[in-house]
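Let's take a walk through the aromatic rings of this protein and see how they sit against one another. Have the viewer open as you read.

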Amino acid sequence: MTDTTPVVFPRAGFRRRFGSWVYDFLIAFAVYMAAGALSFLLMFIGHYFGLFDMQGQQHFSDTIANTAWLKWPNELWKMAWVSFFFVYFWSKSGQTLGMRAWRLRVQNLDGSLLSINTGIKRLVPTLFGLGTILVAFDRKNKLSLQDRLTNTEVVVLSLEANRGRL
């Protein structure tokens with residue numbers, strides 16, 4: 001006889017979510033820096049091959065910072081990679097690397113994994129972790145702003161359920 005009832009995990013509180021946020025912030029910052037290094041290299045190659053000049057600046061980094069058509073695509077490129085990091089992991093396994101360390105998983109209310117669209121919708125209210133502050137005041141439901149807006153939840157996994165999820 002097999003037990004086919006789904007396992008229900010408790011929702012995560014503020015402290016555990018904050019710990020996960022710190023881990024993920026550091027990883028997201030590393031992704032941002034790596035994407036920035038790649039974009040800097042690509043723009044420098046463009047400059048080297050004469051696609052654009054220094055725009056009156058002495059240093060190439062000043063050229064990027066003070067030229068809108070270089071600066072804003074560069075910033076969007078870096079933010080796109082950070083966004084990809086979160087959406088990819090949320091939709092693939094429900095866990096970013098920081099969430100895995102803290103045994104957390106984001107899921108739909110029925111326990112299924114998030115779609116890519118739902119992951120994208122979670123991004124803006126998740127920005128800088130500000131939506132999670134609501135969990136500190138909502139101790140009964142333990143739902144953040146991004147949880148409420150996307151009908152999702154963050155649960156605490158058991159040790160067994162957390163093994164081998166990535």
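Before counting anything, here's the rule: rings of Phe, Tyr and Trp (for Trp, its six-membered ring) make a pair if their centres lie within 6.5 Å. Planes under 30 degrees apart count as stacked, over 60 as edge-to-face, and the rest as tilted. Keep in mind that this is a predicted model. Searching the whole structure with that rule turns up 17 aromatic pairs.

Start with Phe 18 and Trp 21: their ring centres are 5.7 Å apart and the planes meet at 20°, so this pair counts as stacked. Both residues belong to helix H1, which covers residues 14–48, and they are 3 residues apart, or about one turn of the helix. Neither ring pair member is hidden away: Phe 18 is partly exposed at 42% relative accessible area, and Trp 21 is partly exposed too, at 32%.

Now compare Phe 44 and Phe 60, an edge-to-face pair with 5.3 Å from centre to centre and 85° between the planes. Phe 44 sits in helix H1 while Phe 60 is in helix H2 (residues 60–65), so this contact ties together parts that are 16 residues apart in sequence. Is each partner buried or partly exposed? Phe 44 comes out partly exposed, with 37% relative accessibility, whereas Phe 60 is buried at 8%.

Further along, zoom in on a whole group: Trp 77, Trp 81, Phe 84, Phe 85, Phe 86, Tyr 88, Phe 89 and Trp 90 form one aromatic cluster. Trp 90 also has a charged neighbour, since Arg 122 lies over the face of its ring, 5.2 Å from the ring centre.

How values were computed
Residues are numbered from 1 along each chain as its sequence is written. This is a predicted model: local features need pLDDT of at least 70, side-chain atom pairs count only at pLDDT 80 or more; totals for chains, interfaces and linings use all residues. Side-chain values use heavy atoms; hydrogens and water are left out. Helices (H or I, at least four residues) and strands (E, at least two) are DSSP runs, numbered from the N terminus. Buried means under 20% relative accessible area, exposed over 50%, partly exposed in between (1.4 Å probe, protein chains only). A charge sits over a ring if NZ of Lys or CZ of Arg is within 6 Å of the ring centre and within 35 degrees of the ring normal.
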